[in-house]
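Here's a quick briefing for anyone meeting this structure for the first time. Take a look at the picture, then read on.

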Amino acid sequence: MLKWLDLKENPLTYPPEAVVGLCNNDTKCRECAVQVLDFMRKENAAQEKKRQKELEEKRAKKEALKRELERLEEMEKMERKRIKQEEKAREKAKRRAEFEEELMKQKKQNSESQKTR
């Protein structure tokens, strides 16, 4: 056990023995404690870097999904607008056809009334 590290209720099982080294005397024990602390700092830094990378990937995916959703919503909006324009055009054509039919009836009535005179 290392004298220079407080390992109460936290037994040292993670770092390999090569990192810890032999704790034969006071000087070696101090060196071993420093080695373990360096090892743990490096491990923590690596874990933090990994966590940051995962967070960044998660943010990037979220942003990509958001952009895709916005694109799909814009396409849907354009489709609704196109359908509305087509309906308007059909209504206009229908009204135009009704108007022309009415004109034809009036012309026919006018020509018939002129013949009867």
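How much accessible surface does the protein chain have, and what share of it belongs to carbon and sulfur atoms? The accessible surface comes to about 11200 Å², and 53% of that belongs to carbon and sulfur atoms; areas here come from the Shrake-Rupley method with a 1.4 Å probe, and for residues only the protein chains shown count as cover. Keep in mind that this is a predicted model, where local features need pLDDT of at least 70, side-chain atom pairs count only at pLDDT 80 or more, and totals for chains, interfaces and linings use all residues. Residues are numbered from 1 along each chain as its sequence is written, and side-chain values use heavy atoms, with hydrogens and water left out.

**The overall picture**

- The protein chain has two helices and zero strands; these are DSSP runs, with helices being H or I of at least four residues and strands being E of at least two, numbered from the N terminus.
- Of the 117 residues in the protein chain, 9% are buried (buried means under 20% relative accessible area, exposed over 50%, and partly exposed in between, with a 1.4 Å probe and protein chains only).
- Looking at contacts with a separation of 6 or more, 45% come from residues 24 or more positions apart (a contact means heavy atoms within 4.5 Å).

**Helix H2**

- H2 covers residues 26-115, which makes 90 residues.
- From its first C-alpha to its last, H2 reaches 132 Å, close to the 134 Å expected at 1.5 Å a residue (the expected span is 1.5 Å times one less than the number of residues).
- Buried residues in H2 include Cys29, Cys32, Ala33, Val36 and Phe39.

**Where H2 begins**

- Asn25 sits in the loop between helix H1 (17-20) and H2, and Asn25 is partly exposed at 41% relative accessible area.
- At the start of H2, a side-chain oxygen of Asn25 comes to within 3.2 Å of the backbone nitrogen of Thr27. That's a polar contact (a pair of N or O atoms within 3.5 Å; within protein, one must be able to donate a hydrogen and the other to accept it, and residues adjacent in sequence count only if both atoms are side-chain atoms).
- Lys28 joins in too: its backbone nitrogen lies 2.7 Å from a polar atom of the Asn25 side chain.

**Salt bridges**

- The whole structure holds twelve salt bridges (each one a side-chain nitrogen of Lys or Arg within 4 Å of a carboxyl oxygen of Asp or Glu).
- Side chains of opposite charge can pair when their charged atoms come close.
- An α-helix has 3.6 residues a turn, so residues three or four places apart point the same way.
- Arg59 and Glu56 form one of the bridges, at 3.2 Å from N to O. Both lie in H2, three residues apart, or about one turn of the helix. Arg59 is partly exposed at 47%, and Glu56 is partly exposed at 46%.
- Arg96 and Glu100 form another, with their closest N and O atoms 3.2 Å apart. This pair is four residues apart in H2, again about one turn. Both partners are partly exposed, Arg96 at 49% and Glu100 at 39%.
- Elsewhere, Glu79, Arg82 and Glu86 are joined into one network by salt bridges that share partners. Within it, Glu79 and Arg82 meet at 2.3 Å from N to O. Those two are three residues apart in H2, about one helical turn, and each is partly exposed, with Glu79 at 35% and Arg82 at 35%.
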